[in-house]
Amino acid sequence: MEQGQTLLRRIELYAGADPQRRAVAAAVGAIAAASIAISELIGQGALAGITGQAQGSANADGDVQKDLDVRADEMVQGALKSVPYAVLASEEAEVLVPGDPKALISIAYDPLDGSSNIDTNMTVGTIFSIIPNDPGVAPFTASGNCQLAAGFVVYGPQTSLVLTLGDGVDIFTLDRAARTYRLIRERVKIPADTAEYAINASNHRHWEQPVRDFVDECLAGADGPRSKDFNMRWIGSLVAEAYRILTRGGVFLYPADSRPGYGDGRLRLLYETHPMAMVMEQAGGGASTGRERVLDLAAKSIHQRSPLIMGSIDKVKRIELLHNDPDAASRTAPLFARRGLFRV
Ligand code: AFP
């Protein structure tokens, strides 16, 4: 693909004459169109009446709905009215939104992820997952491996759209003057061993031991079992963390923890961790619960949560080892082990 190729041209070439691919392309095009309007709205902020304040309502998962959560959902659903979908699953809708049962695709999306950052002028985003509609199968009950396409929009200093159609990851940036997304990076590959991790460290006491072991190894730095210093980030916006990882590698963790309601972490499977997992694996990275691939999970309910550990493949594999082999931490550096003489 030539640099600067438009997103619409890219999805047109992908679709060809295949009916299901044409439905996927229509869905990506509609979400992209909605995202341009959402980007302009966010850019106006309080001038457009966007305050990030609570609406006085909550979504199905009990999250307080911000004004822009609801408006973004209306904008995405409005754009999708022109798309032949069987069912929609939205973070902001308690139940599935029915469409045409004979349609070839269904769509799960988070219209505005990171909305607690709106009033602080921080990066937020839209996340989407497109799956086949199999008439004999209840919607959104197959594993994440069935996804036809997935991606997310980052409303940051640039508005950029990350897309996988099942054959690599491409990144497009919004040309605001032309109101068109243009290709800036194709077949993105995540650096395999970047020494950077992202986790909300305030939850340390709630984590399972393997997560504590991994973070402790990072904190021990060059003096510890990993023999190198690590950097840490936590933005509180999944799309911003994911975009950074696609740019320079590293690992993001939102693990299960012992807080009530956090037994499967905070992030939702259908419209957050499934799409992120497809993007990460298509970019040569990994996405795990700590014990298994996120893409191997199948939802039992539309707002089901799942732990998410994603990014550079060596970090994801290390964290899985610590989960699946409890003695791995102590074998790595006996002097630093929990049961060692020098553990402090
Ligand atoms: P909001 O959409 O409620 O702001 O949540 C954002 C998010 O789902 C994800 O984008 C962040 O990575 C994560 O929550 C931050 O969670 P903590 O606030 O618990 O750190």
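**Notes on the ligand site and helix α6**

1. A good place to start is the ligand, which has 14 residues around it, with Asp113, Ser116, Leu238, Tyr254 and Arg266 the closest. Please keep in mind as you read that this is a predicted model.

2. The shell is mixed in character: six of its residues are polar, five are nonpolar and three are charged. Both domains take part, since domain 1 (7–185) and domain 2 (196–332) each supply at least three residues to the shell.

3. Three polar contacts are worth a look on your screen. Asn200 places a polar side-chain atom 2.8 Å from an oxygen atom of the ligand. Arg266 also brings a polar side-chain atom to 2.8 Å from a ligand oxygen. With Leu238 it is the backbone that takes part: an N or O atom of its main chain lies 2.7 Å from an oxygen atom of the ligand.

4. How much of the ligand's accessible area does the protein cover? On its own the ligand has 480 Å² of accessible area, and the protein covers 87% of this.

5. Moving on to helix α6, residues 269–282, you will find a mostly covered element, with twelve of its 14 residues buried. The buried set begins with Leu269, Leu270, Tyr271, Glu272, Thr273 and His274, and goes on through Pro275, Met276, Ala277, Met278, Val279 and Met280. Glu272 is a charged residue, and here it is among the buried ones.

6. One last detail to check by eye is Gly284, which follows α6 and has a positive phi, near 85°.

How values were computed:
Residues are numbered from 1 along each chain as its sequence is written. This is a predicted model: local features need pLDDT of at least 70, side-chain atom pairs count only at pLDDT 80 or more; totals for chains, interfaces and linings use all residues. Side-chain values use heavy atoms; hydrogens and water are left out. A residue is near a molecule or strand if one of its heavy atoms lies within 4 Å of it. A polar contact is a pair of N or O atoms within 3.5 Å; within protein, one must be able to donate a hydrogen and the other to accept it, and residues adjacent in sequence count only if both atoms are side-chain atoms. Accessible areas come from the Shrake-Rupley method with a 1.4 Å probe; for residues, only the protein chains shown count as cover. Domain bounds come from an automatic or database domain assignment. Buried means under 20% relative accessible area, exposed over 50%, partly exposed in between (1.4 Å probe, protein chains only). Helices (H or I, at least four residues) and strands (E, at least two) are DSSP runs, numbered from the N terminus.
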